[in-house]
Amino acid sequence: MAENKILGIDIGGSGIKGAIVNIATGELITERFRLSTPKPAKPKAVAKVFTEVVEHFEWKGLIGVGFPAIVKNGVALSAANIDEKWMGMNAETLFSEATGCPVSVCNDADVAGIAEMQYGVGKGKKGVVILITIGTGLGSAIFHDGILLPNSELGHLKFKGGIAEHYAADSVRKKEDLSWSDWGKRFNEYLLHLDRLFSPDLFILGGGASKKMEKYKSQIKIDCPVVPAKLLNHAGIIGAASLASLQSKRKLATVK
Ligand code: BGC
């Protein structure tokens, strides 16, 4: 059914990735298509590459987007790992005008969390579930009984005299050339801190480093269960499509 198909696009620091998603099953129904994120990643340049991804699929319908910033009503409200020109920019309007399609934009970790809660390891999980995406930064999505608390930004907690993502993101492991074991110890400290603040029932780890969990698993010593995400690098695309569908239904409901 056509209404079950939505184009999901995940905008990251290195790539802009898209696929058409069957939101009834959470499966990709096309191959994933990826283009490099332009450098510098200013809004106009990103919108151009975004349009190329949309054109690749000859897409004319609703598009869901995961974006690495605080996003409220389509407007980017932070710029930690993206060009500062995005601050205050209505990303929905920008992408919509560039493609002629309706576009729904949300935080990248929030959409990855939605995908895991709907179709992945979080499916049916009650209580407090926290998903942390580990990449250039640390992204977060908090759920209570399956309901998302958006834009939680737990990667920006003050931690160890600085900001958490400057201590425990995957980019820090690479930059400081830390062994997986040393980085794992840092990440464990971060999880302990979150555990004390939120007493979650489950932590889900997403993003690039979640695929390597075997390498640092022995350093994770907290009581709360910690599991890797199931949808791996497809979660952003799947969740973006799914959240766009939910939001468009909500909009229709308010119009009625
Ligand atoms: C941003 C978040 C984003 C995370 C992962 C952080 O630096 O502030 O909004 O979710 O990186 O991309």
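What distance separates the centres of domain 1 and domain 2, taken over C-alpha atoms? In this predicted model, the separation of the two centres is 24 Å.

**Figure 1. The two domains of the protein chain.** The domain assignment divides the chain into domain 1, made of residues 2–110 and 234–255, and domain 2, made of residues 124–229. Domain 1 is thus written as two stretches of sequence, whereas domain 2 is written as one. Taken over C-alpha atoms, the centres of domain 1 and domain 2 lie 24 Å apart.

**Figure 2. The interface between domain 1 and domain 2.** Contact involves 9 residues of domain 1 and 15 residues of domain 2. The size of an interface is often expressed as the accessible area that is lost when the parts come together. Here, domain 1 and domain 2 bury about 810 Å² between them, and 50% of this area is on carbon and sulfur atoms. In domain 1, the residues that lose the most area to domain 2 are Asn-81, Ala-109 and Asp-110, which together account for 60% of what that side buries.

**Figure 3. Polar contacts and composition at the interface.** Between domain 1 and domain 2 there are 0 salt bridges, but 3 residue pairs are in polar contact. On the side of domain 1 that touches domain 2, strand 6 (71–72) and helix 3 (108–119) are the elements that give two or more residues. By class, this side of domain 1 comprises 5 nonpolar, 2 polar and 2 charged residues.

**Figure 4. The surroundings of the ligand.** The residues around the ligand include Pro-68, Ala-69, Ile-70, Ala-80, Leu-138, Gly-139 and Glu-153. Asn-81 is also one of the residues surrounding the ligand, and Asn-81 is among the residues of domain 1 that lose the most area to domain 2. Three further side chains are shown with their distances to oxygen atoms of the ligand. A polar side-chain atom of Asn-107 is 3.0 Å from a ligand oxygen. For His-156, a polar side-chain atom is likewise found 3.0 Å from an oxygen atom of the ligand. In Glu-165, an N or O atom of the side chain lies 2.9 Å from a ligand oxygen.

**Figure 5. A salt bridge within helix 1.** Side chains of opposite charge can pair when their charged atoms come close. The whole structure contains 9 salt bridges. One pair joined in this way is Lys-48 and Glu-52, whose closest N and O atoms are 3.6 Å apart. Because they are 4 residues apart in helix 1 (residues 43–56), Lys-48 and Glu-52 are separated by about one helical turn.

**Figure 6. Backbone details in the loops on either side of helix 1.** Pro-40 belongs to the loop between strand 4 (33–36) and helix 1. The peptide bond from Lys-39 to Pro-40 is cis, and its omega is near -5 degrees. Glu-58 is located in the loop between helix 1 and strand 5 (63–67). Although Glu-58 is a residue other than glycine, its phi is positive, near 50 degrees.

Terms used. Residues are numbered from 1 along each chain as its sequence is written. This is a predicted model: local features need pLDDT of at least 70, side-chain atom pairs count only at pLDDT 80 or more; totals for chains, interfaces and linings use all residues. Side-chain values use heavy atoms; hydrogens and water are left out. Domain bounds come from an automatic or database domain assignment. Contact means heavy atoms within 4.5 Å. Buried area is the accessible area (1.4 Å probe) that two parts lose on being put together, summed over both. A salt bridge is a side-chain nitrogen of Lys or Arg within 4 Å of a carboxyl oxygen of Asp or Glu. A polar contact is a pair of N or O atoms within 3.5 Å; within protein, one must be able to donate a hydrogen and the other to accept it, and residues adjacent in sequence count only if both atoms are side-chain atoms. Ala, Val, Leu, Ile, Met, Phe, Trp, Tyr, Cys and Pro count as nonpolar, Asp, Glu, Lys and Arg as charged, and the others, Gly among them, as polar. A residue is near a molecule or strand if one of its heavy atoms lies within 4 Å of it.
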